[in-house]
Amino acid sequence: TERLLQTAKIVPAVNQVECHPHCQQQKLKEYCDSKGIAVVCYSPLGSPRRLEKNPADPVVMEDPVINEIATKHKATAAQVSLAFALHRGMAVIPKTVNPARITENLKSAELKLDAE
């Protein structure tokens, strides 16, 4: 991003990157914030079906901590993962064509997570 800003005539408005609880992109988020660039998370629920996935990689939706938080808030693991990004000031673009999941995902904006 820094190289881009050195040569760009217009500062990008958005940086779209993979971001979820197991890939938080903290340094990039801080950098983008300092430059006024919004961060949009793709694969905010992880990407367990990606081709280059290592079998040892954790699966966000199966993470025991995320599921514990979900249970505490009467939510789903997906809602917790989406709310986590939203609480950090990021936009999310979860992929689904299932109407029930679309509705569920939208409800993540109402979820109030605490400091855990």
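**Helix 4 and its surroundings**

In this predicted model, the buried residues of helix 4 are Ala77, Ala78, Gln79, Val80, Ser81, Leu82, Ala83 and Ala85. Eight of the eleven residues of this helix are thus buried, so helix 4 is largely enclosed by the rest of the structure. The cover over these buried residues includes strand 2 (38-42), helix 3, strand 3 (91-93) and helix 5 (99-107).

One of these neighbours deserves a further look. Two packed helices are described by the angle between their axes and the distance between the axes. For helix 3 (residues 64-72) and helix 4 (residues 77-87), the angle is about 100° and the axes lie 8 Å apart. Since angles of 65 to 115 degrees count as roughly perpendicular, helix 3 and helix 4 are therefore roughly perpendicular to each other. Helix 3 contributes Ile66, Asn67, Ile69 and Ala70 to the contact, and helix 4 contributes Ala77, Val80 and Ser81. By character, the residues of this contact comprise five nonpolar, two polar and no charged.

The backbone offers some points of interest too. Most residues other than glycine have a negative phi. Lys74, in the loop between helix 3 and helix 4, nevertheless has a positive phi near 50°. With a relative accessibility of 78%, Lys74 counts as exposed. Just after helix 4, Gly89 also adopts a positive phi, of about 85°.

Elsewhere, Gln25 has a positive phi of about 55° without being a glycine. Gln25 sits in the loop between strand 1 (14-18) and helix 2 (26-35), and its 27% relative accessibility makes it count as partly exposed.

Note on methods. Residues are numbered from 1 along each chain as its sequence is written. This is a predicted model: local features need pLDDT of at least 70, side-chain atom pairs count only at pLDDT 80 or more; totals for chains, interfaces and linings use all residues. Side-chain values use heavy atoms; hydrogens and water are left out. Axes are lines fitted to C-alpha atoms, for helices over the stretch in contact, and angles run from 0 to 180 degrees between N-to-C directions. Helices (H or I, at least four residues) and strands (E, at least two) are DSSP runs, numbered from the N terminus. Angles under 35 degrees count as roughly parallel, over 145 as roughly antiparallel, 65 to 115 as roughly perpendicular and the rest as oblique. Contact means heavy atoms within 4.5 Å. Ala, Val, Leu, Ile, Met, Phe, Trp, Tyr, Cys and Pro count as nonpolar, Asp, Glu, Lys and Arg as charged, and the others, Gly among them, as polar. Buried means under 20% relative accessible area, exposed over 50%, partly exposed in between (1.4 Å probe, protein chains only).
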